[in-house]
Amino acid sequence: MSGSDPLPKSVSRLKFSDTFTFSCHKDVKCFTECCRMLELALSPYDVLRLRKATGLSSGQLLGSHILMEQDPGEPFPRFYLTMVDDGRASCVFVTREGCSVYQHRPAACRAYPLARGASLGAGGTVQEHFALMREAHCQGFFEPVEQSVQQYSNEQQLPLYNRFNDAVAAILQHDSIRKGFIPSAKQIDLFVLALYNIDSFRDLLQNDRLDAVALTAADKNRLMDDEELLLFAINWLQQQLFTPF
Ligand code: SF4
Ligand code: SF4
(Lines give C-alpha, C1' and ligand atoms only; values in the text may rest on other atoms or scores of the structure.)
(Ligands and ions follow the chains in the order given, each with its own letter.)
Protein backbone atom coordinates (compact mmCIF):
# COMPACT_ATOMS: atom_id res chain seq x y z
CA MET A 1 0.00 0.00 0.00
CA SER A 2 1.39 3.43 -0.86
CA GLY A 3 1.67 6.24 1.68
CA SER A 4 -1.08 8.15 -0.10
CA ASP A 5 -3.49 5.19 -0.14
CA PRO A 6 -6.64 6.27 1.75
CA LEU A 7 -7.47 2.73 2.97
CA PRO A 8 -7.13 1.96 6.70
CA LYS A 9 -4.13 -0.17 7.75
CA SER A 10 -6.31 -3.26 8.22
CA VAL A 11 -7.47 -3.13 4.59
CA SER A 12 -5.28 -3.92 1.59
CA ARG A 13 -6.02 -3.92 -2.10
CA LEU A 14 -5.61 -7.22 -3.95
CA LYS A 15 -5.61 -8.20 -7.58
CA PHE A 16 -7.65 -11.16 -8.84
CA SER A 17 -4.54 -13.33 -9.07
CA ASP A 18 -3.09 -12.30 -5.68
CA THR A 19 -3.08 -14.87 -2.88
CA PHE A 20 -3.92 -14.61 0.80
CA THR A 21 -3.86 -17.02 3.74
CA PHE A 22 -7.23 -17.62 5.36
CA SER A 23 -9.78 -20.29 6.23
CA CYS A 24 -12.99 -20.25 8.24
CA HIS A 25 -14.56 -23.35 9.81
CA LYS A 26 -16.51 -24.45 12.87
CA ASP A 27 -13.43 -25.02 15.02
CA VAL A 28 -12.06 -21.48 14.93
CA LYS A 29 -12.36 -19.79 18.35
CA CYS A 30 -14.16 -16.84 16.83
CA PHE A 31 -16.81 -18.94 15.07
CA THR A 32 -19.81 -16.68 14.18
CA GLU A 33 -18.23 -13.61 15.86
CA CYS A 34 -18.34 -11.83 12.51
CA CYS A 35 -22.12 -12.35 12.36
CA ARG A 36 -22.71 -9.67 15.02
CA MET A 37 -22.61 -5.91 15.17
CA LEU A 38 -22.42 -5.44 11.44
CA GLU A 39 -24.10 -3.36 8.77
CA LEU A 40 -24.98 -6.01 6.21
CA ALA A 41 -26.14 -4.31 3.02
CA LEU A 42 -28.33 -6.52 0.85
CA SER A 43 -28.46 -6.57 -2.94
CA PRO A 44 -31.63 -7.55 -4.82
CA TYR A 45 -30.09 -10.96 -5.55
CA ASP A 46 -29.31 -11.45 -1.85
CA VAL A 47 -33.00 -10.89 -1.09
CA LEU A 48 -34.02 -13.30 -3.83
CA ARG A 49 -31.81 -15.98 -2.26
CA LEU A 50 -33.05 -15.24 1.28
CA ARG A 51 -36.61 -15.83 0.01
CA LYS A 52 -35.48 -19.31 -1.04
CA ALA A 53 -33.76 -19.91 2.28
CA THR A 54 -36.63 -18.81 4.50
CA GLY A 55 -39.74 -19.57 2.44
CA LEU A 56 -40.85 -15.98 3.15
CA SER A 57 -42.09 -13.72 0.38
CA SER A 58 -40.11 -10.61 -0.52
CA GLY A 59 -42.85 -8.52 1.11
CA GLN A 60 -42.60 -10.55 4.33
CA LEU A 61 -38.81 -10.21 4.34
CA LEU A 62 -39.11 -6.46 3.86
CA GLY A 63 -41.56 -6.34 6.76
CA SER A 64 -39.59 -8.43 9.23
CA HIS A 65 -35.93 -8.98 8.29
CA ILE A 66 -34.84 -5.97 6.25
CA LEU A 67 -34.31 -2.31 7.15
CA MET A 68 -34.68 0.30 4.43
CA GLU A 69 -32.78 3.57 4.87
CA GLN A 70 -32.26 6.53 2.57
CA ASP A 71 -29.60 9.09 3.39
CA PRO A 72 -30.21 12.69 2.36
CA GLY A 73 -28.46 13.27 -0.95
CA GLU A 74 -28.66 9.60 -2.00
CA PRO A 75 -30.94 8.95 -4.99
CA PHE A 76 -32.18 5.56 -3.78
CA PRO A 77 -32.67 3.78 -0.43
CA ARG A 78 -30.30 1.08 0.84
CA PHE A 79 -31.38 -2.19 2.41
CA TYR A 80 -29.81 -3.90 5.42
CA LEU A 81 -30.34 -7.23 7.14
CA THR A 82 -31.92 -6.84 10.58
CA MET A 83 -29.81 -7.50 13.67
CA VAL A 84 -31.64 -8.78 16.77
CA ASP A 85 -31.71 -7.03 20.13
CA ASP A 86 -29.81 -9.72 22.11
CA GLY A 87 -27.17 -7.42 23.61
CA ARG A 88 -24.72 -8.43 20.85
CA ALA A 89 -26.62 -7.16 17.82
CA SER A 90 -26.55 -10.64 16.26
CA CYS A 91 -27.63 -11.31 12.72
CA VAL A 92 -31.19 -12.58 12.60
CA PHE A 93 -29.90 -15.81 10.97
CA VAL A 94 -26.98 -16.73 13.23
CA THR A 95 -27.28 -19.80 15.51
CA ARG A 96 -24.84 -21.67 17.78
CA GLU A 97 -24.26 -24.07 14.89
CA GLY A 98 -23.53 -21.29 12.42
CA CYS A 99 -25.48 -19.57 9.68
CA SER A 100 -29.01 -20.93 9.33
CA VAL A 101 -29.22 -19.73 5.70
CA TYR A 102 -25.72 -20.86 4.74
CA GLN A 103 -26.59 -22.18 1.24
CA HIS A 104 -28.26 -18.88 0.43
CA ARG A 105 -26.20 -16.44 2.53
CA PRO A 106 -25.64 -12.93 1.14
CA ALA A 107 -22.67 -12.11 -1.09
CA ALA A 108 -20.96 -10.00 1.58
CA CYS A 109 -20.93 -13.02 3.95
CA ARG A 110 -19.53 -15.25 1.20
CA ALA A 111 -16.85 -12.78 0.20
CA TYR A 112 -15.60 -12.01 3.72
CA PRO A 113 -12.74 -11.27 4.44
CA LEU A 114 -12.68 -9.98 0.88
CA ALA A 115 -14.80 -7.17 -0.47
CA ARG A 116 -15.46 -6.63 -4.16
CA GLY A 117 -16.27 -3.37 -5.88
CA ALA A 118 -17.31 -3.05 -9.51
CA SER A 119 -17.07 0.08 -11.62
CA LEU A 120 -18.72 0.26 -15.00
CA GLY A 121 -16.74 1.71 -17.85
CA ALA A 122 -17.75 2.81 -21.33
CA GLY A 123 -20.02 0.28 -23.02
CA GLY A 124 -20.86 -1.37 -19.70
CA THR A 125 -17.50 -3.10 -19.21
CA VAL A 126 -17.01 -4.07 -15.58
CA GLN A 127 -13.80 -3.30 -13.76
CA GLU A 128 -13.43 -5.28 -10.53
CA HIS A 129 -11.60 -4.11 -7.41
CA PHE A 130 -10.80 -6.30 -4.42
CA ALA A 131 -9.81 -5.51 -0.87
CA LEU A 132 -8.82 -7.77 2.03
CA MET A 133 -10.10 -6.77 5.48
CA ARG A 134 -7.86 -8.04 8.26
CA GLU A 135 -10.03 -7.59 11.35
CA ALA A 136 -8.38 -8.21 14.73
CA HIS A 137 -11.01 -10.67 16.01
CA CYS A 138 -10.81 -12.93 12.94
CA GLN A 139 -8.70 -16.03 13.64
CA GLY A 140 -9.12 -17.30 10.08
CA PHE A 141 -5.90 -15.55 9.05
CA PHE A 142 -3.92 -17.97 11.24
CA GLU A 143 -5.22 -21.02 9.36
CA PRO A 144 -2.61 -22.35 6.90
CA VAL A 145 -4.72 -22.25 3.75
CA GLU A 146 -3.48 -20.16 0.87
CA GLN A 147 -5.66 -19.29 -2.10
CA SER A 148 -5.97 -16.65 -4.77
CA VAL A 149 -8.80 -14.13 -4.86
CA GLN A 150 -10.05 -15.95 -7.94
CA GLN A 151 -10.06 -19.35 -6.23
CA TYR A 152 -11.78 -17.99 -3.14
CA SER A 153 -14.42 -16.17 -5.22
CA ASN A 154 -15.21 -19.32 -7.14
CA GLU A 155 -15.37 -21.49 -4.02
CA GLN A 156 -17.83 -19.04 -2.51
CA GLN A 157 -19.92 -19.02 -5.74
CA LEU A 158 -19.53 -15.29 -6.03
CA PRO A 159 -19.61 -15.08 -9.87
CA LEU A 160 -23.32 -15.93 -9.75
CA TYR A 161 -24.00 -13.07 -7.34
CA ASN A 162 -21.72 -10.72 -9.31
CA ARG A 163 -23.79 -11.21 -12.46
CA PHE A 164 -26.87 -9.71 -10.81
CA ASN A 165 -25.00 -7.10 -8.78
CA ASP A 166 -23.26 -5.83 -11.91
CA ALA A 167 -26.64 -5.57 -13.67
CA VAL A 168 -27.91 -3.42 -10.77
CA ALA A 169 -24.71 -1.34 -10.96
CA ALA A 170 -25.83 -0.27 -14.43
CA ILE A 171 -28.63 1.61 -12.62
CA LEU A 172 -26.70 2.83 -9.58
CA GLN A 173 -23.77 4.02 -11.70
CA HIS A 174 -25.83 5.26 -14.64
CA ASP A 175 -24.56 8.44 -16.28
CA SER A 176 -27.75 10.24 -15.25
CA ILE A 177 -27.04 9.45 -11.58
CA ARG A 178 -23.51 10.79 -11.95
CA LYS A 179 -24.98 13.96 -13.43
CA GLY A 180 -27.24 14.47 -10.41
CA PHE A 181 -30.50 12.76 -11.47
CA ILE A 182 -33.05 12.92 -8.65
CA PRO A 183 -35.78 10.28 -8.92
CA SER A 184 -39.39 11.17 -8.15
CA ALA A 185 -41.21 9.54 -5.23
CA LYS A 186 -42.96 7.27 -7.75
CA GLN A 187 -39.63 6.21 -9.26
CA ILE A 188 -38.26 5.39 -5.81
CA ASP A 189 -41.36 3.22 -5.22
CA LEU A 190 -40.64 1.45 -8.52
CA PHE A 191 -37.01 0.91 -7.44
CA VAL A 192 -38.17 -0.81 -4.24
CA LEU A 193 -40.82 -2.82 -6.07
CA ALA A 194 -38.67 -4.09 -8.94
CA LEU A 195 -35.48 -4.78 -7.02
CA TYR A 196 -36.56 -5.67 -3.48
CA ASN A 197 -40.19 -6.79 -3.67
CA ILE A 198 -39.95 -9.23 -6.53
CA ASP A 199 -43.07 -11.20 -5.55
CA SER A 200 -45.28 -8.12 -5.83
CA PHE A 201 -43.50 -7.20 -9.07
CA ARG A 202 -44.29 -10.68 -10.42
CA ASP A 203 -47.97 -10.39 -9.44
CA LEU A 204 -48.31 -7.10 -11.31
CA LEU A 205 -46.45 -8.46 -14.31
CA GLN A 206 -48.41 -11.68 -14.54
CA ASN A 207 -51.69 -9.75 -14.24
CA ASP A 208 -50.75 -7.20 -16.96
CA ARG A 209 -50.72 -4.32 -14.51
CA LEU A 210 -47.20 -2.96 -15.14
CA ASP A 211 -46.67 0.20 -17.18
CA ALA A 212 -45.33 -0.28 -20.71
CA VAL A 213 -45.17 -4.08 -20.60
CA ALA A 214 -47.02 -6.45 -22.91
CA LEU A 215 -46.01 -10.07 -22.48
CA THR A 216 -46.83 -13.21 -24.40
CA ALA A 217 -47.86 -16.35 -22.56
CA ALA A 218 -44.38 -17.76 -23.30
CA ASP A 219 -42.73 -14.66 -21.75
CA LYS A 220 -44.89 -14.99 -18.66
CA ASN A 221 -43.95 -18.62 -18.35
CA ARG A 222 -40.23 -17.82 -18.64
CA LEU A 223 -40.57 -15.09 -16.02
CA MET A 224 -41.87 -17.54 -13.44
CA ASP A 225 -38.15 -18.31 -12.99
CA ASP A 226 -36.86 -16.04 -10.19
CA GLU A 227 -33.53 -15.21 -11.76
CA GLU A 228 -35.01 -14.46 -15.20
CA LEU A 229 -37.56 -12.28 -13.44
CA LEU A 230 -34.93 -10.29 -11.55
CA LEU A 231 -32.96 -9.59 -14.73
CA PHE A 232 -36.18 -8.52 -16.44
CA ALA A 233 -37.04 -6.28 -13.45
CA ILE A 234 -33.62 -4.60 -13.56
CA ASN A 235 -34.00 -3.81 -17.29
CA TRP A 236 -37.58 -2.62 -16.84
CA LEU A 237 -36.57 -0.35 -13.98
CA GLN A 238 -33.74 1.13 -16.02
CA GLN A 239 -36.27 2.14 -18.68
CA GLN A 240 -38.68 3.56 -16.12
CA LEU A 241 -35.92 5.68 -14.60
CA PHE A 242 -33.85 6.86 -17.52
CA THR A 243 -35.89 6.65 -20.76
CA PRO A 244 -37.35 10.06 -21.60
CA PHE A 245 -41.09 9.94 -22.39
S1 SF4 B 1 -14.32 -14.01 12.46
FE2 SF4 B 1 -13.19 -14.89 10.70
S3 SF4 B 1 -12.60 -16.98 11.26
FE4 SF4 B 1 -14.07 -16.23 12.78
S5 SF4 B 1 -16.01 -17.05 12.05
FE6 SF4 B 1 -15.80 -15.01 11.16
S7 SF4 B 1 -14.80 -15.27 9.17
FE8 SF4 B 1 -14.57 -17.18 10.34
S1 SF4 C 1 -26.46 -14.25 6.95
FE2 SF4 C 1 -25.40 -15.96 7.90
S3 SF4 C 1 -23.22 -15.63 7.41
FE4 SF4 C 1 -24.30 -13.70 7.06
S5 SF4 C 1 -24.10 -12.54 8.97
FE6 SF4 C 1 -26.04 -13.67 9.06
S7 SF4 C 1 -25.57 -15.60 10.09
FE8 SF4 C 1 -23.62 -14.69 9.44
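**Note on the predicted model: helix packing, ligand shells and local backbone features**

1. The buried residues of helix 8 pack against helix 1, helix 2 (58-64), helix 7, helix 9 (217-222) and helix 10 (226-242). This is a predicted model, and the points below should be read with that in mind. The residues of helix 8 that are buried are Ile198, Asp199, Phe201, Arg202, Leu204 and Leu205, and just after helix 8 the backbone at Asp208 adopts a positive phi of about 55 degrees.

2. Among the partners of helix 8, helix 7 can be described geometrically. Two packed helices are characterised by the angle between their axes together with the distance between those axes. For helix 7 (residues 185-196) and helix 8 (residues 198-206), the axes come within 6 Å and cross at roughly 95 degrees; since angles of 65 to 115 degrees count as roughly perpendicular, the two helices are therefore roughly perpendicular to each other. The contact is made by Leu193, Ala194 and Tyr196 on the side of helix 7, which meet Ile198, Ser200, Phe201 and Leu204 of helix 8. Sorted by class, this contact of helix 7 with helix 8 comprises six nonpolar residues, one polar residue and no charged residues.

3. Helix 9 contributes a charged residue that deserves a separate remark. Lys220 lies in helix 9 and counts as buried, because its relative accessibility is 17% and the cut-off for burial is under 20%. Leaving aside residues up to four places away in sequence, Lys220 touches Leu205, Gln206, Asp208 and Leu215. The C-alpha atoms of Lys220 and Arg202 are 9.3 Å apart in space, with their positions 18 residues apart in sequence; Arg202 is itself one of the buried residues of helix 8.

4. Helix 1, another partner of the buried residues of helix 8, is mostly covered, with eight of its 11 residues buried. Those buried residues are Pro44, Tyr45, Asp46, Val47, Leu48, Arg49, Leu50 and Arg51. Just after helix 1, Gly55 takes a positive phi of about 75 degrees.

5. Two ligand shells can be listed residue by residue. Ligand 1 has around it Phe22, Cys24, Val28, Cys30, Phe31, Thr32, Cys34, Tyr112, His137, Cys138 and Gly140, a shell that by class holds eight nonpolar, three polar and no charged residues. Ligand 2 is surrounded by Cys35, Leu40, Cys91, Phe93, Val94, Cys99, Pro106 and Cys109, and this shell divides into eight nonpolar residues, with no polar and no charged ones.

6. Two members of the shell around ligand 1, Thr32 and Tyr112, also carry backbone features that a careful reader may wish to inspect. Thr32 has a positive phi of about 75 degrees although it is not a glycine; this residue is found in the loop between strand 2 (19-21) and helix 1 (44-54), and it is buried, with a relative accessible area of 10%. The peptide bond leading from Tyr112 to Pro113 is cis, with omega near 15 degrees, and Pro113 is located in the loop between helix 3 (107-111) and strand 9 (114-120).

7. Gln157 is another non-glycine residue with a positive phi, here of about 60 degrees. Its place is in the loop between helix 4 (149-155) and helix 5 (158-172), where Gln157 is partly exposed, with a relative accessible area of 43%.

8. As to ring contacts, the count comes to 12 aromatic pairs. The rings of Phe16 and Phe130 have centres 5.4 Å apart and planes at 15 degrees, so this pair is stacked. The pair joins distant parts of the chain, with Phe16 in the loop between strand 1 (11-14) and strand 2 and Phe130 in strand 10 (residues 126-133), 114 residues apart. Phe16 is partly exposed, at a relative accessible area of 33%, whereas Phe130 is buried, at 8%. Phe79 and Tyr196 likewise form a stacked aromatic pair, at 3.6 Å centre to centre and 15 degrees between the planes. This pair also links distant parts of the chain, as Phe79 belongs to strand 4 (residues 78-81) and Tyr196 to helix 7, 117 residues apart; both Phe79 and Tyr196 are buried. In addition, Phe20, Phe22, Phe141 and Tyr152 form one aromatic cluster, and Phe22 is also listed in the shell around ligand 1.

Terms used:
Residues numbered from 1 in each chain as written. Chains lettered and ligands numbered in written order. Predicted model: local features only at pLDDT ≥ 70, side-chain atom pairs only at ≥ 80, totals over all residues. Heavy atoms only, no water. Near = heavy atom within 4 Å. Nonpolar A, V, L, I, M, F, W, Y, C, P; charged D, E, K, R; others polar. Axes fitted to C-alpha atoms, helices over the stretch in contact; angles between N-to-C directions. Helix = DSSP H or I, 4+ residues; strand = E, 2+ residues; numbered from the N terminus. Parallel < 35°, antiparallel > 145°, perpendicular 65-115°, else oblique. Contact = heavy atoms within 4.5 Å. Buried < 20%, exposed > 50% of the residue type's maximum accessible area, 1.4 Å probe, protein only. Phe/Tyr/Trp six-rings, centres within 6.5 Å; stacked < 30°, edge-to-face > 60°.
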